[in-house]
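The following paragraphs walk through one protein model, moving from its surface and overall build to a few selected places in the chain. Please keep the structure in view while reading.

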Amino acid sequence: MASAAYLETEENLEALISRIEQKSRKIETLLKQSKPVEALKTALEGSPLKTRDERCKSANWIVVHRAMMAIRDIDGMFNSLDTEYYDILMKYLYRGLSTGDRPTCDQCLKIHEKLTERAGLGCILRSLADTVNTV
């Protein structure tokens, strides 16, 4: 019985990886069309927050990172980005800062500054306090 639950979980993870791969292809298309904000929205939509599987988290981070690094007009991004994405974006910003990669950290800090101006300190507190929905 435990093996059946494991298989079901493994199937769910494979389905999740497949959805992330589809999302990645869509994001690449949007980036080629010079639509980085749409790419970021797509990357943040349906992020696998409740999974503990590192493959899924890493795969989705790569997708979000790709879209986030394409953003040049941060103020313009926030004019188009719905507030529902703010908390999840903050989580990904902290993940990006934890990489130690200079270009990633620079971009994350720029976005973090503007996001904090828009969403306030509550956004930071919610993203740090939420230990269930991790990226």
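The accessible surface of this protein, which is a predicted model, comes to about 7700 Å², and 53% of that surface belongs to carbon and sulfur atoms. Of the 135 residues, 42% count as buried. As for charge, the protein carries 20 positive and 20 negative charges, and the mean positions of these two sets are 3 Å apart.

Turning to the fold, the protein has seven helices and zero strands, so that a reading along the sequence gives the pattern α-α-α-α-α-α-α. The radius of gyration is 15 Å, close to the 14 Å that the globule rule gives for 135 residues, and the protein is therefore as compact as a globular protein of that length. Along its principal axes, the C-alpha trace spans about 50 × 35 × 30 Å. Among contacts with a separation of 6 or more, 73% are accounted for by residues 24 or more positions apart.

A first place to look more carefully is helix H2, which runs over residues 36-44. This helix is mostly covered, with seven of its nine residues buried: these are Val 37, Ala 39, Leu 40, Lys 41, Thr 42, Ala 43 and Leu 44, a list in which the charged type lysine appears beside alanine and leucine. Just after H2, Gly 46 takes a positive phi of about 65 degrees.

Further along, the loop between helix H2 and helix H3 (54-69) contains Asp 53. The side chain of Asp 53 offers a polar atom that lies 3.2 Å from the backbone nitrogen of Arg 55, and a polar atom of the Asp 53 side chain also lies 3.1 Å from the backbone nitrogen of Cys 56. Both Arg 55 and Cys 56 fall within the range of H3.

The last place to visit is helix H5, which covers residues 86-98 and includes Tyr 86. Is Tyr 86 buried or exposed? Its relative accessibility is 7%, and because buried means under 20%, Tyr 86 counts as buried. Leaving aside residues up to four places away in sequence, Tyr 86 touches Phe 78, Leu 81, Leu 115, Arg 118, Ala 119 and Cys 123. Tyr 86 can also be placed relative to Ser 127, since the two residues are 41 residues apart in sequence and 9.5 Å apart in space, C-alpha to C-alpha.

Note on methods
Residues are numbered from 1 along each chain as its sequence is written. This is a predicted model: local features need pLDDT of at least 70, side-chain atom pairs count only at pLDDT 80 or more; totals for chains, interfaces and linings use all residues. Side-chain values use heavy atoms; hydrogens and water are left out. Helices (H or I, at least four residues) and strands (E, at least two) are DSSP runs, numbered from the N terminus. The radius of gyration is taken over C-alpha atoms; the globule rule is 2.2 Å times the number of residues to the power 0.38. Buried means under 20% relative accessible area, exposed over 50%, partly exposed in between (1.4 Å probe, protein chains only). Contact means heavy atoms within 4.5 Å. Accessible areas come from the Shrake-Rupley method with a 1.4 Å probe; for residues, only the protein chains shown count as cover. Lys and Arg count as positive and Asp and Glu as negative; His and the chain ends are not counted. The place of a charge is taken as NZ of Lys, CZ of Arg, CG of Asp or CD of Glu. A polar contact is a pair of N or O atoms within 3.5 Å; within protein, one must be able to donate a hydrogen and the other to accept it, and residues adjacent in sequence count only if both atoms are side-chain atoms.
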